[in-house]
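Okay, thanks everyone for coming. I'll keep this brief and walk through a few things that caught my eye, so have the structure open.

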Amino acid sequence: QNLTADYNKNDGAAAWSRDGKSIVFVRNIQGKEQIFLMSAQGSNLIRLTNNTSNNGHPALSPDGSKVAFESDRDGNSEIFVMSVDGELSQLTDDPADDLDPDWSPDGSKIAFSSNRSGMHHIYVVNADGSSPTQITNSQADDSEPAWSRDGKRIAFVRAIEGNTEILVVNADGSNETQLTF
């Protein structure tokens, strides 16, 4: 079923709410990505961001009340959190690019990728922005973190010599394991 039937728009980066009732997604409007929320049936469309920046990679919190996303509104990509009623807070503030946020299943932490050390690595931060911790450290770029349903592990993509592979790591950074070769 086509939920976003406005063919004058470019929609993508869709993510479900944990309860399956809502979908958050990105729509390109006049060359800038904006975040939208709608019901799983395509009704009740709400525009969450409305600025001259790119806002992408949205992720709904487990309870569906907040959206974490990346935005370049301060000159480089940072992680922001917005409540579905519009209250905005900046989660990260670093000269490096912070990308790809994903909520832990209990909503207490957010994993993201950042090139703070020159390469992109996976970091975990408390949902209030405190205590960012780097959990991967390789000579390759790591991106697209995704929490396991039990919150104990994080899957991610690693770019290795022109190829991409899937790895998992414990949420504390221990026991990194490559799954694909």
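**Strands, a pocket and some salt bridges**

Let's start with one pair of residues: arginine 153 stands opposite asparagine 170 in β15. Keep in mind that this is a predicted model. That pair sits where strand β14, residues 153–160, runs antiparallel to strand β15, residues 163–170, with eight bridges between them.

Now zoom out a bit. Those two strands belong to an open sheet of four, in the order β13-β14-β15-β16, with antiparallel pairing. At the edges you have β13 (141–147) and β16 (177–178), each of which pairs on one side only.

Next, the pocket. How much space lies in the largest pocket? About 420 Å³. There are 23 residues lining it, and the closest to its centre are Ala15, Arg18, Ala59, Asp102 and Ala146. Our sheet turns up again here: β13 and β14 each supply at least two residues of the lining, and so do β1 (10–16), β5 (55–60) and β9 (98–103). In terms of class, the lining has 16 nonpolar residues, three polar and four charged.

On to the charges. The structure holds five salt bridges, and I'll go through some of them.

First up, arginine 27 and aspartate 11, whose side chains meet at 2.7 Å, N to O. Arginine 27 is in strand β2 (residues 22–29) and aspartate 11 is in strand β1, so to speak distant parts of the chain, 16 residues apart. Is each partner buried or exposed? Arginine 27 is buried, at 7% relative accessible area, while aspartate 11 counts as partly exposed at 30%.

Then there's aspartate 98 with arginine 116, where the closest N and O atoms are 2.9 Å apart. Aspartate 98 lies in strand β9 and arginine 116 in the loop between β10 (109–114) and β11 (121–126), so this bridge ties together parts that are 18 residues apart in sequence. Aspartate 98 is buried, with a relative accessible area of 0%, and arginine 116 is partly exposed at 28%. These two also have company: Asp94, Asp98 and Arg116 are linked in a network of salt bridges.

Last one, and it takes us back to the sheet. Arginine 158 bridges to glutamate 176, with the closest N and O atoms 2.7 Å apart. Arginine 158 is in strand β14 and glutamate 176 is in the loop between β15 and β16, 18 residues apart. Arginine 158 is buried at 7%, whereas glutamate 176 is partly exposed at 36%.

That's my tour. Over to you.

Technical notes:
Residues are numbered from 1 along each chain as its sequence is written. This is a predicted model: local features need pLDDT of at least 70, side-chain atom pairs count only at pLDDT 80 or more; totals for chains, interfaces and linings use all residues. Side-chain values use heavy atoms; hydrogens and water are left out. Two strands pair if DSSP finds at least two bridges between them. On a 1 Å grid over the protein atoms alone, a cavity is a set of points where a 1.4 Å probe fits but cannot get out, and a pocket is an open set with protein on both sides within 12 Å along at least five of seven lines; lining residues have an atom within 4 Å of a point. Grid points are joined across faces, edges and corners, and a volume is the space filled by probe spheres set on the points. Ala, Val, Leu, Ile, Met, Phe, Trp, Tyr, Cys and Pro count as nonpolar, Asp, Glu, Lys and Arg as charged, and the others, Gly among them, as polar. A salt bridge is a side-chain nitrogen of Lys or Arg within 4 Å of a carboxyl oxygen of Asp or Glu. Buried means under 20% relative accessible area, exposed over 50%, partly exposed in between (1.4 Å probe, protein chains only).
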